[in-house]
Amino acid sequence: MTAPLAPAGRETTGRALVELDHVSKFYGNIKALTDVSLEVHAGEISCVLGDNGAGKSTLIKIIAGLHRHDAGSFLIDGEQTVLVNPRDALDRGIATVYQDLAVVPLMPVWRNFFLGSEPTTGAGPFKRLDVRLMRETTRTALLRMGIDLRDVDQPIGTLSGGERQCVAIARAVHFGAKVLVLDEPTAALGVKQSGVVLKYVAAARDAGLGVVLITHNPHHAYLVGDRFVLLKRGAMAGSHTRESITLDELTRQMAGGSELEELSHELERATEPGRPQGPDQS
């Protein structure tokens with residue numbers, strides 16, 4: 001996978017599906033997020049990059065309705081919003097796929113696809129799960145996203161990590177999500193599986209969803225991203241569109257920018273000819 005998965009020259013029209021404007025979150029005296037802004041548009045992928053402790057998890061929890069923001073504005077379709085809980089977020093069209101994936105490994109793929117939203121057939125004492133509908137719908141929904149599993153009856157735990165991520169993405173698309181939040185979907189995957197997942201992230205974007213991709217990998221972000229927000233210690237370290245930044249510069253900023261240059265300078269000084277290199281090994 002060498003070519004970018006983001007169509008060139010695509011322009012956004014209309015207001016953002018989700019917008020965070022100078023949002024902050026405090027836990028007592030601890031500032032988890034400070035003045036963070038983010039826009040999510042239909043048919044675009046907004047990437048949030050940062051190392052561990054940068055504030056990515058807190059940002060996810062605010063968008064997903066797990067935590068309320070303490071300052072700033074959170075808008076959905078241009079309307080000021082305070083989400084009460086994750087169900088409220090789902091009802092507003094925001095689906096979140098966490099890194100650990102909320103699946104039941106021993107249940108078949110189709111059962112996990114409908115987990116919590118199972119259709120039924122019959123009435124009264126004869127009411128039961130509509131297994132045929134769930135199997136057929138799961139197979140059709142996956143194929144529509146270009147995912148061709150061997151058998152939707154196989155336990156989802158037998159799928160690779162990349163395949164499970166793809167099923168979760170297809171599920172969100174099928175159930176009408178307008179905004180899809182993905183928490184480090186490629187973090188525990190190899191190169192090939194990461195490429196597969198990014199392909200379906202791009203497919204969700206092309207289906208018209210607004211996607212928030214949380215990642216610490218600038219190379220993965222740049223393959224599919226339209227907008228890039230960099231977080232460092234809970235604050236914004238940069239905000240860029242695809243047209244305004246190169247992969248090299250995004251990687252440099254992600255790696256620490258001036259701090260990395262200062263470290264490089266210090267390391268060069270430490271290895272200058274004639275400079276003591278440590279205890280004599282002779």
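This tour moves through a predicted model, stop by stop, from its largest pocket to an enclosed strand, a helix and two loops.

**The largest pocket**

Begin with the largest pocket, which holds about 810 Å³ of space. Of the 30 residues that line this pocket, select L90, A95, T96, L115 and R171, which are the closest to its centre. Then colour the elements that each supply at least two residues of the lining, namely α2 (86-91), β6 (94-97), α3 (109-113) and α5 (161-174). Which element gives the largest share of the lining? It is α5, with five residues. If you colour the lining of the largest pocket by class, you should find 20 nonpolar residues, six polar residues and four charged residues.

Stay with L90, which belongs to helix α2. With a relative accessible area of 44%, L90 is partly exposed, because that value falls between the 20% below which a residue is called buried and the 50% above which it is called exposed. Now add K178 to the selection: L90 and K178 are 88 residues apart in sequence, yet their C-alpha atoms are 9.5 Å apart in space.

**Strand β3**

Next, select strand β3, residues 45-49, where five of the five residues are buried, so that the strand is largely enclosed by the rest of the structure. Turn the view until the side chains separate: I45, C47 and L49 point one way from β3, while S46 and V48 point the other way, and all of them are buried.

Bring in the partners of this strand one after the other. With strand β10, residues 210-215, β3 pairs in the parallel sense over five bridges, and here L49 can be found opposite T215. With strand β11, residues 227-232, β3 again pairs in the parallel sense, over four bridges, and in this pairing C47 stands opposite F228.

C47 deserves a further look, since its relative accessibility is 0% and it therefore counts as buried. Select C166 as well, which at 2% relative accessibility also counts as buried. How many disulfides does the structure hold? The count is zero.

**Helix α1**

Move on to helix α1, residues 56-63, in which six of the eight residues are buried, so this helix is largely enclosed by the rest of the structure. To display the buried residues of α1, select K56, T58, L59, I60, I62 and I63. Just after α1 comes G65, a residue that takes a positive phi of about 85 degrees.

**Two loop residues with positive phi**

The last stops concern backbone torsions, and the background is that most residues other than glycine have a negative phi. Select E184 in the loop between β9 (179-183) and α6 (191-206); although E184 is not a glycine, it has a positive phi of about 45 degrees. Then select R233 in the loop between β11 and β12 (235-241), where phi is near 55 degrees, a positive value in a residue other than glycine.

Is each of these residues buried or exposed? E184 has a relative accessible area of 8% and is therefore buried, whereas R233, with a relative accessible area of 69%, is exposed. With R233 still selected, you can step back along the chain into β11 (residues 227-232), the strand that pairs with β3 in the parallel sense, and so return to the enclosed strand visited earlier.

Definitions and conventions: Residues are numbered from 1 along each chain as its sequence is written. This is a predicted model: local features need pLDDT of at least 70, side-chain atom pairs count only at pLDDT 80 or more; totals for chains, interfaces and linings use all residues. Side-chain values use heavy atoms; hydrogens and water are left out. On a 1 Å grid over the protein atoms alone, a cavity is a set of points where a 1.4 Å probe fits but cannot get out, and a pocket is an open set with protein on both sides within 12 Å along at least five of seven lines; lining residues have an atom within 4 Å of a point. Grid points are joined across faces, edges and corners, and a volume is the space filled by probe spheres set on the points. Ala, Val, Leu, Ile, Met, Phe, Trp, Tyr, Cys and Pro count as nonpolar, Asp, Glu, Lys and Arg as charged, and the others, Gly among them, as polar. Buried means under 20% relative accessible area, exposed over 50%, partly exposed in between (1.4 Å probe, protein chains only). Two strands pair if DSSP finds at least two bridges between them. A disulfide is a pair of cysteine sulfur atoms within 2.5 Å.
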